[in-house]
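Me: I am new to this structure and would like a close look at a single part of it. Please take me through that part slowly once the structure is shown.

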Amino acid sequence: MSISIETVRVGKDYYLVNYGEVHEFRVTKATGHKDFECKDLTTLEEFNLSELTAYGKGKDYEFYEIEIEE
């Protein structure tokens with residue numbers, strides 16, 4: 001079961017699939033109501049979370065927190 005945008009926290013890592021695009025990113029800053037600045041864990045590209053869902057949610061939509069085992 002995918003998580004909700006309301007459960008996103010700054011400093012946590014997330015995995016999102018939407019319309020065939022896969023993103024693994026860290027949330028770096030809350031910028032407004034249900035929007036966040038993020039940094040891609042692979043490319044270090046910075047973007048807003050809202051950009052990943054700007055065109056809605058596809059049939060393949062998945063959104064999870066990445067659990068890091070210590």
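In the hairpin of strand 2 and strand 3, which residue takes a positive phi, and how many residues lie between the strands?

Reply: This is a predicted model, and in it the hairpin of strand 2 and strand 3 has two residues between the strands, with Lys34 taking a positive phi near 60°. The two strands that this turn links, strand 2 and strand 3 (residues 35–40), run antiparallel to each other and are paired over six bridges. One of the pairings sets Lys29 against Glu37, its bridge partner in strand 3.

Strand 2 also takes part in a hairpin with strand 1, where two residues again lie between the strands and Tyr19 has a positive phi near 50°. Strand 1 (residues 13–18) and strand 2 (residues 21–32) are antiparallel and joined by six bridges, and here Leu16 stands opposite His23 of strand 2. As a general point, the side chains of a regular strand alternate between the two faces of the sheet.

To place these hairpins in the whole, the protein has one helix and five strands, and from the N terminus the order of the elements is β-β-β-β-α-β. The radius of gyration is 11 Å, close to the 11 Å that the globule rule gives for 70 residues, so the protein is as compact as a globular protein of that length. Of those 70 residues, 29% are buried, and among contacts between residues at least 6 apart in sequence, 46% join residues at least 24 apart.

Technical notes
Residues numbered from 1 in each chain as written. Predicted model: local features only at pLDDT ≥ 70, side-chain atom pairs only at ≥ 80, totals over all residues. Heavy atoms only, no water. Helix = DSSP H or I, 4+ residues; strand = E, 2+ residues; numbered from the N terminus. Rg over C-alpha atoms; globule rule 2.2 N^0.38 Å. Buried < 20%, exposed > 50% of the residue type's maximum accessible area, 1.4 Å probe, protein only. Contact = heavy atoms within 4.5 Å. Pairing = 2+ DSSP bridges.
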